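Colleague: Could you take a close look at one part of this model for me? I would like to hear about the cysteines and where they sit, with some of the surroundings for context.

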Amino acid sequence: MTKSVFILGPCAAETEEQVMATAKAIKRLTVDDAQCTVDDIIFRAGIWKPRTSPNTFQGIGTEGLYWLQRVQAEIGLDCATEVVNTEQLQAVADAHIPYIWIGARTSANPIAVQEISDALCALTERNKHVFKGVFIKNPVNEDVALWIGNIERLEQCGLPIAAIHRGCNHHPCWKMAYELHQQRPDIPILLDPSHMSGDSNRVPELCAKGAELGYNGYMVEVHIQPKEAWSDAQQQIEPNAVKRLTMHDAQCTMHATELLWQRAMMDETDDALWSILKQRMDISQQIGVWKKAHGVDIVQPERYQDILQRRLTWAAAHNIRPEAVRQIMDAIHTESVRIQS
Ligand code: PEP
Ligand code: MN
């Protein structure tokens with residue numbers, strides 16, 4: 001996997017018609033759009049879906065592998081699917097699907113990954129050509145050490161490997177990908193803006209960010225009728241929307257400057273900071289309601305001094321100037337008083 005990889009297709013294989021129509025429309029992109037060639041695109045579709053609730057669509061099962069075989073034979077796109085255990089791996093190998101990925105939930109379980117890796121090595125030893133490559137998503141929790149551990153487990157088999165950065169809880173967690181790249185610059189990293197945001201409206205901006213940071217490829221959920229999708233409907237995009245994405249054709253290494261990475265991490269930290277500030281303001285408003293109901297003054301100088309003192313003690317241990325703490329706390333407190341008034 002030395003050049004950019006575009007893994008496009010629905011979250012899940014639902015019906016034979018949906019799979020074939022989506023694959024056809026994706027194939028058409030390679031004709032319409034000079035930035036993609038057939039070799040660049042792998043068609044994705046989940047066959048077994050590890051879902052949060054048992055009351056949702058769990059995937060079509062092995063029947064869907066036949067549809068992927070049709071995509072390969074009739075449309076000419078290589079396919080990829082997720083495997084969560086060794087039985088699924090065997091079924092995918094038997095169907096001659098050349099790419100697999102380890103999903104975020106499986107990636108959180110090193111024993112499952114080790115079992116898949118052992119079976120993958122055995123299959124590859126018996127038949128060198130059964131698989132062309134393996135993709136490994138980051139675990140659902142922000143754990144770069146486990147992500148790297150899983151890469152080490154799977155690279156034992158000698159197949160081409162790439163990581164997929166899909167974020168955590170609908171946040172990018174750029175730091176995790178940055179650290180993976182620092183520790184393993186030899187591993188290509190693909191961006192999955194669909195699971196990273198859970199929102200089709202955010203896919204373009206995340207792809208552009210990925211292009212800026214020099215990601216080695218993308219996995220994007222594409223569905224012929226996104227609104228009708230049986231899973232992840234809110235994050236899938238139409239095939240034609242792929243043309244509007246900035247998916248830069250990176251060379252084999254991430255080229256971004258240190259400054260761009262640090263800025264991506266800083267912007268994400270600011271998002272978290274402001275979201276916490278908003279939470280604080282909401283709590284403050286509730287306290288204001290209580291104060292009004294009980295006839296208590298809004299400004300309580302003793303309470304404010306107590307809060308400030310605690311922050312000053314903490315800041316002293318973290319090399320932050322007391323003056324900076326006072327200014328920031330004063331600004332927060334002033335807004336809090338306004339909200340309660
Ligand atoms: C998927 O790609 O459809 C999927 C289930 O993703 P993740 O493992 O990242 O949640
Ligand atoms: Mn999905």
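Modeller: Happy to; I will begin with the whole chain, go on to the cysteines, and then visit the ligand and a few other residues.

Please keep in mind that this is a predicted model. The chain has 341 residues, and 49% of them count as buried. Its fold contains 12 helices and 8 strands, and the C-alpha trace spans about 75 × 40 × 40 Å along its principal axes. Among contacts with a separation of 6 or more, 73% are between residues 24 or more positions apart. The accessible surface of the chain is about 16900 Å², with 52% of it belonging to carbon and sulfur atoms.

Now to your cysteines. How many disulfides are there? The count comes to 1 disulfide. The partners are C121 and C157, and their sulfur atoms are 2.3 Å apart. As a reminder, a disulfide is a covalent bond between the sulfur atoms of two cysteines. The angle about the S-S bond is -85 degrees, making the link of C121 and C157 left-handed. This pair connects distant parts of the chain, 36 residues apart: C121 belongs to helix α5 (residues 110-126), while C157 is in the loop between α6 (144-155) and β6 (161-165). Are the two ends buried or exposed? C121 has 17% relative accessibility, so it counts as buried. C157 is buried too, because its relative accessible area is 11%.

C168, by contrast, is in no disulfide. The nearest cysteine sulfur to it belongs to C173 and is 3.9 Å away, whereas a disulfide needs sulfur atoms within 2.5 Å. C168 has a relative accessible area of 4%, so this residue is buried as well. For C207 the value is 0%, so C207 also counts as buried.

One more cysteine, C11, turns up among the residues around ligand 1, in a group that also includes R44, E82, W101 and K137. By class, this shell has 3 nonpolar, 2 polar and 7 charged residues. Several side chains approach oxygen atoms of the ligand. In K49, a side-chain N or O atom is 2.7 Å from an oxygen atom of ligand 1, and for R105 the corresponding distance is 3.0 Å. H195 places a polar side-chain atom 3.3 Å from a ligand oxygen. Taken alone, ligand 1 exposes 290 Å², and the protein buries 96% of that.

Strand β6, which borders the loop holding C157, is also home to H165. H165 is buried, because its relative accessible area is 0%. Its side chain makes a polar contact of 2.8 Å with the side chain of Y215.

Finally, here are two residues to look at for their backbone angles. D232 is not a glycine, but its phi is positive, near 50 degrees. This residue is found in the loop between β8 (217-221) and α10 (258-293), and D232 counts as buried because its relative accessible area is 18%. N319, also not a glycine, has a positive phi of about 60 degrees. N319 lies in the loop between α11 (301-317) and α12 (322-340). With a relative accessible area of 76%, N319 is exposed.

Definitions and conventions. Residues numbered from 1 in each chain as written. Chains lettered and ligands numbered in written order. Predicted model: local features only at pLDDT ≥ 70, side-chain atom pairs only at ≥ 80, totals over all residues. Heavy atoms only, no water. Near = heavy atom within 4 Å. Polar contact = N/O pair within 3.5 Å; in protein donor to acceptor, adjacent residues only side chain to side chain. Areas by Shrake-Rupley, 256 points an atom, 1.4 Å probe, with all protein chains shown as cover. Nonpolar A, V, L, I, M, F, W, Y, C, P; charged D, E, K, R; others polar. Helix = DSSP H or I, 4+ residues; strand = E, 2+ residues; numbered from the N terminus. Buried < 20%, exposed > 50% of the residue type's maximum accessible area, 1.4 Å probe, protein only. Contact = heavy atoms within 4.5 Å.
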